[in-house]
Amino acid sequence: MAAETARPVPAPRPGPGALPSPSSLPGPGALPGPSSLPGPADALGPADLRRAMGLFASGVTIITGLDDGEPVGFTCQAFASVSLDPPLVLFCAGHDGRSWPRIRKSGRFTVNVLDEEQAGLCARFGSAAGRKFEGLEWEASSLGTPVLPGVLLSVHAEISAVHQAGDHDIVVGLVREASSSGPRRPLVFYRGQFGLDPDAEARAHPMMAPGLWAWADHWG
Ligand SMILES: Cc1cc2nc3c(=O)[nH]c(=O)nc-3n(C[C@H](O)[C@H](O)[C@H](O)COP(=O)(O)O)c2cc1C
């Protein structure tokens with residue numbers, strides 16, 4: 001049998017479904033506010049990455065846990081559904097957070113998905129200042145984890161894996177139960193502010209703080 005000869009592999013050509021290259025991210029005029037994102041040759045710094053990722057609108061959650069009988073929790077935008085069978089969800093937790101090590105120790109968590117009226121809870125749990133559960137009437141889930149009042153959805157899970165990824169951990173949870181208080185409008189986070197206003201980032205700038213979550217510690 002003739003030996004197979006190695007043929008050069010043609011470079012992939014972008015097809016109709018190809019992912020945009022960094023240079024095809026919104027440029028001048030595409031969106032109001034800061035316009036240029038770094039091209040392929042430039043380093044993508046935290047501020048650039050934050051600005052780019054701000055174009056991804058998401059809901060807002062509060063991840064809660066119970067550690068030695070004390071409720072803990074933090075605001076978390078990086079939440080996603082992962083698998084239906086088995087039912088898995090994930091969230092990403094920064095290494096600087098105080099709540100995450102305690103939630104990790106307890107082995108379980110609840111994801112509290114906020115509705116559009118709950119920006120105050122987002123602020124309260126997104127800040128290192130203040131006592132987060134003070135005056136809050138929370139209930140215990142079937143796993144014992146705190147369910148915050150009036151949330152759109154609560155998902156109760158046991159931690160099944162933790163993957164370190166840069167300055168965050170990717171936390172995978174096996175869902176044991178979920179409950180919803182009925183269809184309402186979710187709190188949406190986009191370009192550093194709530195709501196879907198494309199001008200949002202320009203107005204958010206005065207609140208920006210260093211770090212991926214921009215304005216977290218301007219609350220409380
Ligand atoms: C809208 C918003 C989204 C956030 N998303 C995340 C996130 O996905 N992961 C994370 O680790 N921190 C996130 N934070 C930051 C934490 O909530 C913040 O650092 C908080 O102070 C941590 O509290 P702790 O130190 O008591 O755990 C977010 C903050 C805000 C305001």
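This report walks through the strands, ligand shell, nonpolar core and unusual backbone spots of a predicted model.

## The E6-E9-E10 run

Let's start with strand E9, which covers residues 153-165 and has a partner in E6 and another in E10. With E6 (residues 108-113), E9 runs antiparallel, and 6 bridges hold the pairing together. If you want a spot to look at on screen, find Val111, which sits opposite Val155 of E9.

The pairing of E9 with E10 (residues 168-180) is antiparallel too, this time over 12 bridges. At the turn end, Ala165 faces His168 in E10. These two strands make a hairpin with 2 residues between them, and Gly166 takes a positive phi there, near 60°.

## Around the ligand

There are 20 residues around the ligand. The ones that come nearest are Ala78, Gly94, Gly97, Ser99 and Gly126. By residue type, the shell splits into 12 nonpolar, 7 polar and 1 charged.

Where do the residues of this shell come from? Strand E3 (70-76), strand E5 (88-94) and helix H2 (99-106) each chip in at least two.

## The nonpolar core

The largest nonpolar core has 27 residues, and the members touching the most others are Ile62, Ile63, Phe91, Val111 and Leu114. Quite a list of elements feeds this core: strand E2 (61-67), E3, E5, H2, E6, helix H3 (119-125) and E9 each give at least two residues. E5 makes the largest contribution, with 4 residues. Val111 is a handy residue to keep in view, as a well-connected core member that also stands across from Val155 in the E6-E9 pairing.

Leu114 is worth a closer look as well. Leaving aside residues up to four places away in sequence, Leu114 touches Val60, Thr61, Ile62, Leu121, Cys122, Val151, Leu152 and Leu187. One of those contacts, Ile62, is itself among the core members that touch the most others.

## A little sheet at E1, E11 and E12

Now for a separate set of strands. E1, E11 and E12 form an open, antiparallel sheet of 3 strands, in the order E1-E11-E12. E1 (58-59) and E12 are the edge strands, each with a single partner, so one side of each has no neighbour in the sheet.

E11 (188-190) and E12 (193-194) are joined by 2 bridges. Tyr190 has Gln193 as its bridge partner in E12. The loop between these two strands holds Arg191, which comes up again below.

## Odd backbone spots

A few loop residues deserve a second glance. The peptide bond between Asp85 and Pro86 is cis, with omega about 0°. Pro86 sits in the loop between strand E4 (79-83) and E5.

Then there are two residues that have a positive phi without being glycine: Asp68, near 50°, and Arg191, at about 50°. Asp68 belongs to the loop between E2 and E3, while Arg191 belongs to the loop between E11 and E12.

Are Asp68 and Arg191 buried or exposed? Asp68 counts as exposed because just 8 other C-beta atoms lie within 10 Å, and the cut-off for exposed is 12 or fewer. Arg191 counts as buried because it has 24 C-beta neighbours inside 10 Å, where 20 or more is what the label takes. So the two positive-phi residues sit in opposite settings, Asp68 exposed and Arg191 buried.

How values were computed:
Residues are numbered from 1 along each chain as its sequence is written. This is a predicted model: local features need pLDDT of at least 70, side-chain atom pairs count only at pLDDT 80 or more; totals for chains, interfaces and linings use all residues. Two strands pair if DSSP finds at least two bridges between them. A residue is near a molecule or strand if its C-beta atom, placed from the backbone, lies within 6 Å of it. Ala, Val, Leu, Ile, Met, Phe, Trp, Tyr, Cys and Pro count as nonpolar, Asp, Glu, Lys and Arg as charged, and the others, Gly among them, as polar. A nonpolar core is a set of buried Ala, Val, Leu, Ile, Met, Phe, Trp, Tyr and Cys residues joined through C-beta atoms within 7 Å. Two residues are in contact if their C-beta atoms, placed from the backbone, lie within 7 Å.
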